[in-house]
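I opened the file and kept notes in the order in which I looked things up. The entries start with one helix and then widen to the chain as a whole.

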Amino acid sequence: MTDGPSYGFDTLQIHAGARPDPATGARQTPIYQTTAYVFRDADHAAALFNLQEVGFIYSRLTNPTVAVLQERLATLEGGVGAVCCSSGHAAQIMALFPLMAPGRNVVVSTRLYGGTVTQFSQTIKRFGWSAKFVDFDDLDAVKAAIDDDTRAVFCESIANPGGYITDLRAVADVADGAGVPLIVDNTSATPYLCRPIEQGATLVVHSTTKYLTGNGTVTGGAIVDSGTFDWSASDKFPSLSDPEPAYHGLKFHETFGPLAFTFHSIAVGLRDLGMTMNPQGAHYTLMGIETLSLRMERHVENAVKIAEWLEGDDRVEFVTYAGLKSSPYYDRIKTVCPKGAGALFTFAVKGGYEACVKLVDSLEIFSHVANLGDTRSLIIHSASTTHRQLTPEQQEAAGAAPNVVRLSIGIEDADDLIADLDQALSKAAS
Ligand SMILES: *Cc1c(COP(=O)(O)O)cnc(C)c1O
């Protein structure tokens, strides 16, 4: 189909990037299970290797099945291009890779997925990069943390795990004022609930493992580029603005304009870091995205019902869901994620750590897993699992205190989920 800007989200989630297979007419996107592609002739091969022609060389860089997913994600997020990779964590490294260098830093929100806190506070140091953790509700603190070595600002739209919503427009304005890109992890919201590029983000990263695939089958990640950042406005981003020795001095920004980041991520990032998404994985994610809007609507509807029920229950200390009127972030829904605050939230159980462990072990429909964004309802006690590596202060800041459990509400019958929580809370209290 032609990607007319007039098509609605429900149409684009099924059709964007896909067309009947030119060789066979296959209606569904084939899984191109191949590592390499035959060159037409030696000149064609040379043009591809010089980046003078776009095409397929080797599946570490590009693959036709993965390319359909890339185009679909770019369309749904309102970006100019996207690069898929092997996981959400790979996407985060790939997003920072063209921007950072030894001695450079990224200013990040304290409210992040536990694995991201570990990646940013520990692992990236080995590249000579560092992260400065700041409360993103304090815009002056964000501004103050940005220094001459800062190359990006990073946050999540709807933050995992704590029912927090970032004021993306305000943070984007701060990043803009400092001449650095804002990177938004939009995993928990998906482009159906939140479109960060429209709110000023330069790059959007995803763990496609979660809602985009939606059924807990494959690990994957993606980076979507808005195409709006001027990489040549300062000398801060030489990988994109200066001559690239491995491509005969080609300058990515000068040559590819708004697609500079996307082309660099494929031609240098995937080529050298090798964090490639496989075509089978892309296929499962494409299948999932076809029903994204339908699932997200039900996820949100169920989450609101269950959060309201929990909030009214004596055995529960508090519920942090931005979709509740009692949430300090309720007012941000209108501007940041107008179709709802997602389906991920935490609640505190009276009785603390012990009661949480009993609750988790007593549930029958909810599965105790380190995952989220599945059709199935999931629960995890973050303090003993995903946020275990963090200090008590980091756990508290991330909304993962010892008396708190995180729910990822699925698309089952809400009444069944409430009944399951009810019986498990009774067991936890006894
Ligand atoms: C899961 C998750 C990640 C990491 O993604 P993987 O696919 O597991 O590597 C990053 N950010 C958020 C918000 C996540 O939920």
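**Entry 1: helix 12.** I note that this is a predicted model. I listed the buried residues of helix 12 and got Pro-279, Gly-281, Ala-282, His-283, Thr-285, Leu-286, Gly-288 and Ile-289. The helix runs over residues 279-289, and 8 of its 11 residues are buried, so I wrote it down as largely enclosed by the rest of the structure. I then asked which elements the buried residues of helix 12 pack against. I found helix 1, helix 3 (64-77) and helix 13.

**Entry 2: helix 13.** I went on to helix 13, which covers residues 292-311. In it I looked up Lys-305 and Glu-301, whose side chains meet in a salt bridge at 3.9 Å, N to O. The cut-off for a salt bridge is 4 Å, and I recorded the pair on that basis. The two residues are separated by about one helical turn because they sit 4 residues apart in the helix. Buried or exposed, or in between: what is Lys-305? I have Lys-305 as partly exposed, at 39% relative accessibility. Glu-301 is also noted as partly exposed, with 43%.

**Entry 3: other salt bridges.** I counted 15 salt bridges in the structure. One of them joins Asp-137 and Arg-332, with 2.9 Å from N to O. I checked where the partners sit: Asp-137 is in the loop between strand 3 (130-134) and helix 6 (139-145), and Arg-332 is in the loop between strand 12 (316-320) and helix 14 (333-336). They are 195 residues apart, so I logged the pair as a link between distant parts of the chain. Asp-137 has a relative accessible area of 31% and is therefore partly exposed. I also followed the connections outward and found a network of salt bridges that links Arg-111, Asp-135, Asp-137 and Arg-332.

I looked up Arg-195 as well. Its salt bridge is with Glu-198, and the closest N and O atoms are 2.7 Å apart. Arg-195 counts as partly exposed, at 23% relative accessibility; the limit for buried is under 20%.

**Entry 4: Tyr-37.** I located Tyr-37 in the loop between helix 1 (9-15) and helix 2 (42-49). Its relative accessibility is 15%, so I put it down as buried. Which residues is Tyr-37 in contact with, leaving aside its neighbours within four places in sequence? I found Phe-56, Ile-57, Tyr-58, Ser-59, Thr-62, Asn-63 and Pro-64. For Asn-63 I also took the C-alpha separation from Tyr-37, which is 9.2 Å, with their positions 26 residues apart along the chain.

**Entry 5: the whole chain.** I counted 17 helices and 16 strands in the protein chain. I computed a radius of gyration of 22 Å, which agrees with the value near 22 Å that a compact globule of 430 residues would have. The C-alpha atoms fill a box of roughly 75 × 55 × 35 Å along the principal axes.

Buried residues make up 56% of the 430 residues. Of the contacts with a separation of 6 or more, 71% are between residues 24 or more positions apart. The chain exposes about 17200 Å², and carbon and sulfur atoms supply 52% of that area. For the charges I have 32 positive and 49 negative side chains, and the centres of the two sets lie 2 Å apart.

Technical notes
Residues are numbered from 1 along each chain as its sequence is written. This is a predicted model: local features need pLDDT of at least 70, side-chain atom pairs count only at pLDDT 80 or more; totals for chains, interfaces and linings use all residues. Side-chain values use heavy atoms; hydrogens and water are left out. The radius of gyration is taken over C-alpha atoms; the globule rule is 2.2 Å times the number of residues to the power 0.38. Buried means under 20% relative accessible area, exposed over 50%, partly exposed in between (1.4 Å probe, protein chains only). Contact means heavy atoms within 4.5 Å. Accessible areas come from the Shrake-Rupley method with a 1.4 Å probe; for residues, only the protein chains shown count as cover. Lys and Arg count as positive and Asp and Glu as negative; His and the chain ends are not counted. The place of a charge is taken as NZ of Lys, CZ of Arg, CG of Asp or CD of Glu.
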